[in-house]
Amino acid sequence: DNAPTVDAVEVVRCKDCNFFIDKEDPTFPAGKWESIDGICWRDRKFTCHDDYCSCGAKMAGGDERWVD
């Protein structure tokens, strides 16, 4: 019981983020994208499903996305 406390924050992984577009999505840019899983349309950078950032916004439900 002498264990130190941890200052932890829950993160939103890209695969669950409102800003993530999966490479299988019809709106994803055409091309060969073997090493990535999708793109973050907020930061306009390629990402993998398990990536995360400080701006992650969990989707409200289903595949619905909102514009901030």
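**View 1. Cys 40 and Lys 45 face each other across two paired strands.** In this predicted model, Cys 40 has Lys 45 of β3 standing opposite. The strands shown here are β2, which covers residues 38-40, and β3; they pair in the antiparallel sense through 3 bridges. As a reminder for this view, the strands of a sheet pair through backbone hydrogen bonds, in either a parallel or an antiparallel way.

**View 2. Three strands make up an open sheet.** Step back from the previous pair and the sheet is seen to have 3 strands in the order β1-β2-β3, with antiparallel pairing. At its edges stand β1 (20-22) and β3 (45-47); each has a single partner strand, so one side of each is left without a neighbour in the sheet. On average, neighbouring strands of this sheet are turned by 35 degrees against each other, with direction ignored.

**View 3. Asp 50 and Lys 15 form a salt bridge.** Here the closest N and O atoms of the two residues are 3.6 Å apart. The pair links distant parts of the chain: Lys 15 lies in the segment before β1 and Asp 50 in the segment after β3, 35 residues apart. While you are looking at this pair, note that Lys 15 is partly exposed, with a relative accessible area of 42%. A search of the whole structure finds 2 salt bridges, and the next view turns to Asp 43 and Arg 42.

**View 4. Asp 43 and Arg 42 form a salt bridge.** The closest N and O atoms in this pair are 2.6 Å apart. How exposed are the two partners? Asp 43 is partly exposed, at a relative accessible area of 30%, and Arg 42 is also partly exposed, at 38%.

**View 5. Cys 14, Cys 53 and Cys 55 are shown with their sulfur atoms.** How many disulfides does a search of the whole structure find? The search finds 0, and this close-up helps to show why for two of the cysteines. For Cys 14, the closest cysteine sulfur is that of Cys 53, 6.4 Å away and therefore too far for a bond. For Cys 53, the closest cysteine sulfur belongs to Cys 55; at 4.7 Å, this is also too far for a bond, because a disulfide needs the two sulfur atoms to be within 2.5 Å. Their surroundings are worth a look too: Cys 14 counts as buried, at 11% relative accessibility, whereas Cys 53 counts as partly exposed, at 31%.

Conventions:
Residues numbered from 1 in each chain as written. Predicted model: local features only at pLDDT ≥ 70, side-chain atom pairs only at ≥ 80, totals over all residues. Heavy atoms only, no water. Buried < 20%, exposed > 50% of the residue type's maximum accessible area, 1.4 Å probe, protein only. Pairing = 2+ DSSP bridges. Helix = DSSP H or I, 4+ residues; strand = E, 2+ residues; numbered from the N terminus. Axes fitted to C-alpha atoms, helices over the stretch in contact; angles between N-to-C directions. Salt bridge = Lys/Arg side-chain N within 4 Å of Asp/Glu carboxyl O.
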